[in-house]
Protein chains: 2
Amino acid sequence: MKNCSVLVVEDEVAIRDMLRMALEIADLRCIEADNILDAHAIIVDRRPDIVLLDWMLPGGSGIELLRRLKRDKLTEELPVIMLTAKTSEDNVIQGLEVGADDYITKPFAPRELIARIRALLRRSGAMPSSERIEAGELVLDMSSHRVFIAGELLAMGPTEFKLLSFFMAHPERAYTRSQLLDQVWGGNVYVEERTVDVHIRRLRKALQNDMGDCSHFIQTVRGTGYRFSPPGI
Amino acid sequence: MKNCSVLVVEDEVAIRDMLRMALEIADLRCIEADNILDAHAIIVDRRPDIVLLDWMLPGGSGIELLRRLKRDKLTEELPVIMLTAKTSEDNVIQGLEVGADDYITKPFAPRELIARIRALLRRSGAMPSSERIEAGELVLDMSSHRVFIAGELLAMGPTEFKLLSFFMAHPERAYTRSQLLDQVWGGNVYVEERTVDVHIRRLRKALQNDMGDCSHFIQTVRGTGYRFSPPGI
DNA sequence: GCGAGGCATGACAATTCTGTGACAAAGTGA
DNA sequence: TCACTTTGTCACAGAATTGTCATGCCTCGC
């Protein structure tokens with residue numbers, strides 16, 4: 001896993017020891033605090049990737065810290081897992097409402113905790129870059145249905161977009177015209193195989209602009225069909 | 001709460017009934033499926049905001065569905081909560097590893113479930129964390145139900161407002177007419193897809209006044225639908 | 001070097017898709 | 001009830017896309 005840091009806010013030494021060990025095994029960096037003031041300073045200062053927060057702490061509860069983080073608009077980015085002995089349904093709901101992303105009750109299973117940390121890191125880290133395929137200067141964004149070369153938007157028709165999506169999802173592999181018709185046009189249409197050539201031509205033309213030329217990514221395989229082969233592999 | 005849709009994948013009718021009621025109270029739209037094939041089709045087609053997934057289902061386990069979603073790169077955006085009677089630590093870990101964001105064991109407390117759904121929607125970005133969304137000169141205020149360009153109030157109908165809210169909460173992403181009908185009109189209405197075009201037209205017209213013109217924020221994605229894309233990204 | 005087949009290219013008409021104004025039905029509030 | 005707003009549908013025009021074809025270039029085998 002990436003170099004992720006976990007802030008553990010917990011005053012019981014035994015639990016901190018246990019967590020430190022579990023996090024080390026999971027290849028996560030552990031930062032520790034035993035009160036909410038230190039915790040707040042660390043969050044502002046060192047920006048951990050995730051926080052494990054006990055409810056009952058000396059000098060102020062974890063819920064207070066959550067409220068303060070929420071007020072400072074820090075929770076939107078920062079995932080928080082409550083890890084506490086307060087097990088009542090009302091407690092759980094309160095914790096989640098105030099801004100926690102998950103709520104685990106003590107005693108807890110270390111491996112499950114790690115799995116939940118990973119799930120949350122995945123969710124919070126995976127958000128910005130979602131369905132993007134990149135090939136050199138060429139970037140295709142499925143969700144927004146757009147293609148860029150070096151950040152500049154390209155214009156192309158729906159069929160060209162579908163064709164390029166298919167190619168970029170299956171690079172370095174030659175496809176016959178018939179296979180492309182199946183995959184891109186859908187199996188139940190009757191069109192000439194030569195039609196593929198024309199759309200390849202249009203796609204190649206679309207892959208050129210002032211910022212660069214990616215038209216050579218699409219290579220002709222004589223006697224067979226075409227292949228998408230970006231440089232640098 | 002915003003107009004969020006929850007896909008419930010569960011074969012026990014009693015639990016589905018209970019969930020339907022709980023979701024209705026929480027102001028969440030409920031879509032139901034009792035097998036993984038239907039569930040997959042619904043996810044691809046109607047793009048629910050979150051999925052509640054049982055483990056044991058007729059015709060294939062929930063874990064299989066998760067694996068398939070992961071392979072299709074759909075889980076990165078789609079939050080999934082496992083909701084199952086399989087309570088062992090290994091099950092929990094397996095579920096989370098395969099891509100679930102949370103794991104709740106039956107029997108469960110409905111209010112806690114709702115709180116966890118809300119926490120996850122908040123994290124995944126489906127729910128705007130603030131009551132106020134801004135995009136360039138354009139400002140939408142959820143609580144007062146008003147829209148401004150450069151401080152000047154815009155006039156628009158309820159449907160246009162809902163459409164704009166949805167777009168502003170999900171910028172930079174192309175939606176089909178069918179998805180917009182699901183998300184903005186609500187799943188259970190029958191209206192022509194072209195109706196969306198007309199409301200897009202009305203919304204675009206409403207987004208112009210003396211102070212500025214934001215109508216170009218709404219872009220046509222030919223062959224697909226529309227996308228909200230404010231400048232400056 | 002020379003055909004023959006395979007591919008690239010530009011043009012074009014048919015088709016499909018979207019923008020737009022109009023209109024009647026349904027809903028709202030006084 | 002009446003004026004007014006909102007909503008869904010339709011028809012038409014304009015624009016973009018698509019499939020096909022004719023032509024010319026390129027490559028390969030001989």
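This note goes through a predicted model of two protein chains and two DNA strands.

1. **Ground rules.** Because the model is predicted, local features need pLDDT of at least 70 and side-chain atom pairs count only at pLDDT 80 or more, while totals for chains, interfaces and linings use all residues. Residues are numbered from 1 along each chain as its sequence is written, chains are lettered from A and ligands numbered from 1 in the order in which they are written, and side-chain values use heavy atoms, with hydrogens and water left out.

2. **Domains of chain A.** The assignment gives domain 1 (5-126) and domain 2 (132-228). These bounds come from an automatic or database domain assignment. The C-alpha centres of the two domains of chain A are 46 Å apart.

3. **The protein interface.** Contact here means heavy atoms within 4.5 Å. On that rule, 41 residues of chain B meet 36 residues of chain A. The two chains bury about 3,200 Å² between them, with 44% of it on carbon and sulfur atoms. Buried area is the accessible area (1.4 Å probe) that two parts lose on being put together, summed over both.

4. **Charge and polar pairs across it.** There are 10 salt bridges between chain B and chain A. A salt bridge is a side-chain nitrogen of Lys or Arg within 4 Å of a carboxyl oxygen of Asp or Glu. Arg118(A) pairs with Glu97(B) in this way, the closest N and O atoms being 3.8 Å apart. The rule also finds 15 residue pairs in polar contact, both residues at pLDDT 80 or more. A polar contact is a pair of N or O atoms within 3.5 Å; within protein, one must be able to donate a hydrogen and the other to accept it, and residues adjacent in sequence count only if both atoms are side-chain atoms.

5. **What chain B brings.** Helix 4 (89-98), strand 5 (102-105), helix 5 (110-124) and strand 13 of chain B each give two or more residues to the side that touches chain A. Helix 5 of chain B gives the most, with 9 residues. Helices (H or I, at least four residues) and strands (E, at least two) are DSSP runs, numbered from the N terminus. By class, this side of chain B has 13 nonpolar, 9 polar and 19 charged residues. Ala, Val, Leu, Ile, Met, Phe, Trp, Tyr, Cys and Pro count as nonpolar, Asp, Glu, Lys and Arg as charged, and the others, Gly among them, as polar.

6. **DNA strand C.** A residue is near a strand if one of its heavy atoms lies within 4 Å of it. There are 23 residues around strand C, and those that come nearest include Arg201(A) and Arg201(B). Of the strand C atoms within 4 Å of the protein, 73% belong to sugar or phosphate. A polar side-chain atom of Arg177(A) is 3.2 Å from a phosphate oxygen. The backbone of Gly223(B) places a polar atom 3.0 Å from a phosphate oxygen. Arg222(B) has a side-chain N or O atom 3.1 Å from a base oxygen. Helix 8 of chain B gives the most to this surface, with 6 residues. The classes are 4 nonpolar, 4 polar and 15 charged.

7. **DNA strand D.** Among the nearest of its 23 surrounding residues are Thr159(A) and Thr159(B). Sugar and phosphate make up 67% of the strand D atoms within 4 Å of the protein. The side chain of Thr195(B) has a polar atom 2.6 Å from a phosphate oxygen. Arg202(B) has a side-chain N or O atom 2.5 Å from a base oxygen. Helix 6 (158-169) and helix 8 of both chain A and chain B give two or more residues here. This surface has 8 nonpolar, 7 polar and 8 charged residues.
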